[in-house]
Amino acid sequence: MIYEDQLIGVIDSEHPTTDYFTDLHLELLTTIAAMTSGKISQCRNQKRLRTQANIIQQVSEAVVLVRKDGTITECNDAAEKMTDLRRDELIGVNAFMMVADHSQLKTLEPFLREQIRSKGLWTGRVEMLKGGQQKFMAEIHITPLHDID
């Protein structure tokens with residue numbers, strides 16, 4: 001069984017009669033090997049994703065995943081605690097709407113996008129809203145994630 005050009009297993013089949021196995025047997029075993037290596041790969045990837053999700057969930061800092069358009073797609077427990085909002089209240093919201101001074105949005109959003117484009121990341125302090133009302137200062141680190149493909 002081969003996955004990503006690496007041998008990950010062997011299917012061995014024996015029979016006492018010489019030349020017992022035909023091309024049909026070979027085709028069947030090849031199909032089984034391909035299906036098995038695919039399933040093994042799927043299980044490995046699912047385990048890796050569960051591990052990564054668990055790490056993000058347990059990080060003490062707030063982690064918020066945001067699409068390019070600013071929409072929050074995921075967050076951890078620390079983000080819920082920091083914002084005093086439940087996960088279901090955060091997901092789908094534009095992250096820029098959590099900035100305390102909405103009059104800054106016209107300049108802040110383009111500034112952040114340019115900084116991220118030119119430097120690859122942005123770090124700074126922004127006054128945010130907790131629970132949609134109470135203001136607090138947050139140290140923000142924005143790092144874009146890119147698809148590997």
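## A walk from Leu129 outwards

Let's start at Leu129, which, beyond its neighbours within four places in sequence, is in contact (heavy atoms within 4.5 Å) with Thr83, Met98, Val99, Ala100, His102, Gln134, Lys135 and Phe136. This is a predicted model, so local features need pLDDT of at least 70 and side-chain atom pairs count only at pLDDT 80 or more, while totals for chains, interfaces and linings use all residues. Residues are numbered from 1 along each chain as its sequence is written, and side-chain values use heavy atoms, with hydrogens and water left out.

Leu129 sits in strand S5; helices here are DSSP runs of H or I with at least four residues, strands are runs of E with at least two, and both are numbered from the N terminus. Is Leu129 buried or exposed? Leu129 counts as buried because its relative accessibility is 13%, and the cut-offs are under 20% for buried, over 50% for exposed and anything in between for partly exposed (1.4 Å probe, protein chains only). One of its contacts, Met98, is 31 residues away along the chain, yet the two C-alpha atoms are separated by 5.5 Å.

Another of those contacts, Val99, takes us into the largest nonpolar core. A core of this kind is a set of buried Ala, Val, Leu, Ile, Met, Phe, Trp, Tyr and Cys residues joined through side-chain atoms within 4.5 Å. This one has 17 residues, and the members that touch the most others are Val99, Trp122, Val126 and Met128. S4, H4, S5 and S6 each give two or more residues to this core, and H4 has the largest share, with 4 residues. Setting aside residues within four places in sequence, Val99 is in contact with Gln104, Leu105, Leu108, Val126, Glu127, Met128 and Leu129.

Staying with H4, we find Gln115 in this helix. Gln115 is buried because its relative accessible area is 16%. Apart from residues up to four places away in sequence, Gln115 touches Gly120, Leu121 and Trp122. Gly120 belongs to the loop between H4 and S5 and is partly exposed, at a relative accessible area of 33%. With the same sequence neighbours left out, Gly120 touches Gln115 and Pro144. Looking further along the chain, Gly120 and Val63 are 57 residues apart, with 18 Å between their C-alpha atoms.

Next, have a look at three aspartates in loops. Asp19 is in the loop between strand S2 (6-7) and H1, and it has a positive phi of about 55° although it is not a glycine. Asp19 counts as exposed because its relative accessible area is 72%. Asp84, in the loop between H2 and helix H3 (87-90), has a positive phi too, near 60°. Its relative accessible area is 53%, so Asp84 is exposed. Asp101 is found between H3 and H4, again in a loop, and counts as partly exposed because its relative accessibility is 32%. From Asp101 to Gln115 it is 14 residues in sequence and 20 Å in space, C-alpha to C-alpha.

Now for H1, which has 36 residues and reaches 52 Å from its first C-alpha to its last. That is close to the expected 52 Å, where the expected span is 1.5 Å times one less than the number of residues. In H1, Ala33, Ser37 and Ser41 are buried, and the buried residues of this helix pack against strand S1 (2-3). In the loop between H1 and S3 lies Ser60, exposed because its relative accessible area is 63%. Ser60 and Ala79 are 19 residues apart in sequence and 9.1 Å apart in space, C-alpha to C-alpha.

What is the volume of the largest pocket? It comes to about 1600 Å³, the space filled by probe spheres set on grid points that are joined across faces, edges and corners. A pocket is an open set of points, on a 1 Å grid over the protein atoms alone, where a 1.4 Å probe fits, with protein on both sides within 12 Å along at least five of seven lines; lining residues have an atom within 4 Å of a point. The lining holds 43 residues, and Val64, Leu65, Val66, Ile142 and Thr143 lie nearest the centre. Elements that each supply at least two lining residues include helix H1 (23-58), helix H4 (105-119) and strand S5 (122-130). By type, the lining divides into 27 nonpolar, 9 polar and 7 charged residues, where Ala, Val, Leu, Ile, Met, Phe, Trp, Tyr, Cys and Pro count as nonpolar, Asp, Glu, Lys and Arg as charged, and the others, Gly among them, as polar.
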